[in-house]
Amino acid sequence: CCWEGGTNMAAGAEGAAGAGSGGLALLGAVPGPALLFVKTSQGKEEGRRFYACSACRDRKDCKFFQWEDEKVSQTRLAAREEYNRSHQPPCTHKQNVERYKNFVLLPLSKRRFCQECQQLLLPDEWEKHSSHQFLCDISTAQLRSPSQLLYPLENKKTNAQYLFADRSCQFLLDLIISLGFRRVLSVGTPRLHEMIQSKALQEEDFRVRSLLLDIDFRYSQFYTEDEFCHYNMFNHYFFGGEAARETCRKFLHEEKDERVIMVADPPFGGLVEALASSFKKLMATWKDTEKGEMPMFWIFPYFFESRISEFFPSFSMMDYQVDYDNHALYKHGKTGRRQSPVRIFTNLSPSVIVLPAEEGYRFCAICQRYVSSGNHHCEICNSCTSKDGRRWKHCVLCKKCVKPSWFHCNKCNCCALENHTCEKIDVGCFVCGKAGHKRSTCPSLSCTRTSRHACGGLQIKLSRVDLGSYT
């Protein structure tokens, strides 16, 4: 199944979360409008189209499914509405703000946090949660760092949350400040947002401000409506309606002498097409009164470089390795294939992105950008070609640099792992069924994409049917 010719959905990055049946109350009910998908089979024409959840790729987490041409009965619509109502969070954002004001007035000995419900507790609620595990003596420091107080959501197919390590978070903030930005639109980056918020409270001369857009509704317990918007980055949906959209618009437009940048850390397996569409809409909101393209840092694995470049040709990839606190593999300091594959994609000039020399990064005078210590300049390619931190080697037959563990296979006519399985000659393209090329270079797919772009960009169809139906 594909989304308008794209790839399968997934999730797994900082702040990203879906709204499956197991966590609807915490995350803010259903994730808004559905996305339109299409069934495809190898060598066959486009199949039947259907609507599915924008945030969950597993039907066990969100059972919504509807054919595009399907007529939905009133009984099913009523059941869907009832399901949605029953899975709303216990408090609205405004109510959570009032609860927080009352909570901070309590003495330390009466500040409790329910770990099972992931909720700040007021004294008159203690009895209802008496059988639950909870934390006591919640300090001001803990309230300023909610990402460390809340449990990271870890369903990889729905709402996995991987949070920036202090090293990466501090680097991003220092870089943002050094580049002269004073406002940060934090899309799915709660740890960066809370670092900015915390510094603003502690340092009088700190002038950077942040607005967090995230699908995890739990953050509404800690931030006002001017600091946090409940948002789904897969379908550009503001759960707070027009008021939340206006909050975002004002943040992007006020104080025109202050430069603004968007920093986004989407689910790693998320549909690049859907994410790109949402980011372009946020950029368009900023562009109402500005010129050029809104500055952005998109945090994503390096192997998505071609996909990001397809939708944002002005973006380039930096060598900086982004690491996460609660991910077993995406850590800094490891070597070889164990290094974090997560990078920073940006539309800013690579020459202005200064990477830390103490970590081995150096400036390539030819490429005019900072590169990792193992990324050597290839005179044939006239570029620092490594993507994963290792020194790549040039293949004369492929006419490009490849990974050091790859060797040229005469049968496949390309470089691959030494013990790979050679492709069968009779296996055709998944899209058109013809031999001689793969899906990524299929002429039919290119024509389809070209026609979509010619019509004014991606044809993203959002259904106003509320998700969550189980009938």
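Student: How many salt bridges does the count come to?
Tutor: Keep in mind that this is a predicted model. A pair goes on the list when a side-chain nitrogen of Lys or Arg is within 4 Å of a carboxyl oxygen of Asp or Glu. By this rule the count comes to 19.

Student: OK, take K101 and E98. Which helix do they both lie in?
Tutor: Their side chains meet in a salt bridge, 3.6 Å from N to O. K101 has a relative accessible area of 44% and E98 one of 41%, so each falls in the partly exposed class. They sit three residues apart, about one turn of the helix, and that helix is α3.

Student: And K387 with E305: how many residues apart in sequence are the parts that this pair ties together?
Tutor: The closest N and O atoms of K387 and E305 are 3.0 Å apart, and the two form a salt bridge. K387 lies in the loop between β18 and β19 while E305 belongs to helix α10, so the pair ties together parts whose separation in sequence is 82 residues.

Student: Are K387 and E305 buried, partly exposed or exposed?
Tutor: Buried would need a relative accessible area under 20%, and exposed one over 50%. K387 comes in at 25% and E305 at 23%. Both values lie between the cut-offs, so K387 and E305 are each partly exposed.

Student: R307 forms a salt bridge with E310. Which of the two is buried, R307 or E310?
Tutor: Both lie in helix α10, three residues apart, and their closest N and O atoms are 2.6 Å apart. E310 has a relative accessible area of 26%, so call that one partly exposed. The other partner has 16%, which is under the 20% cut-off. So the buried one is R307.

Student: Which residues are linked with R167 in a network of salt bridges?
Tutor: Here the salt bridges join up into a network rather than a lone pair. Alongside R167, the members are D323 and E359.

Student: Let's move to helix packing. Is α6 parallel, perpendicular or oblique to α7?
Tutor: The axes of α6 (residues 166-178) and α7 (residues 190-202) come within 10 Å and cross at roughly 60°. Roughly parallel needs an angle under 35 degrees, and roughly perpendicular runs from 65 to 115. The crossing fits neither class, so α6 is oblique to α7.

Student: What is the handedness of that crossing, left or right?
Tutor: We've got the angle at roughly 60°, and handedness is the other half of the description. α6 passes α7 in a crossing that is right-handed.

Student: How many nonpolar residues are in the contact of α6 with α7?
Tutor: On the α6 side you have C169, Q170, L172, L173 and I176, and they meet R191, L192, M195, I196 and K199 in α7. Of the residues in this contact, one is polar and two are charged, while the number of nonpolar ones is seven.

Student: Which residues is Q148 in contact with, leaving aside its neighbours within four places in sequence?
Tutor: Q148 lies in helix α5, and at 56% relative accessibility it counts as exposed. Its C-alpha is 9.2 Å from that of L163, which sits 15 residues away in sequence. With the sequence neighbours set aside, the contacts of Q148 are R191 and E194.

Student: Last one: how far apart in space are T140 and V104, C-alpha to C-alpha?
Tutor: T140 has its place in helix α4 and is partly exposed, at 40% relative accessibility. T140 and V104 are 36 residues apart in sequence, yet their C-alpha separation is 7.9 Å.

Conventions: Residues numbered from 1 in each chain as written. Predicted model: local features only at pLDDT ≥ 70, side-chain atom pairs only at ≥ 80, totals over all residues. Heavy atoms only, no water. Axes fitted to C-alpha atoms, helices over the stretch in contact; angles between N-to-C directions. Helix = DSSP H or I, 4+ residues; strand = E, 2+ residues; numbered from the N terminus. Parallel < 35°, antiparallel > 145°, perpendicular 65-115°, else oblique. Left-handed = near helix turned anticlockwise from the far one by under 90°. Contact = heavy atoms within 4.5 Å. Nonpolar A, V, L, I, M, F, W, Y, C, P; charged D, E, K, R; others polar. Buried < 20%, exposed > 50% of the residue type's maximum accessible area, 1.4 Å probe, protein only.
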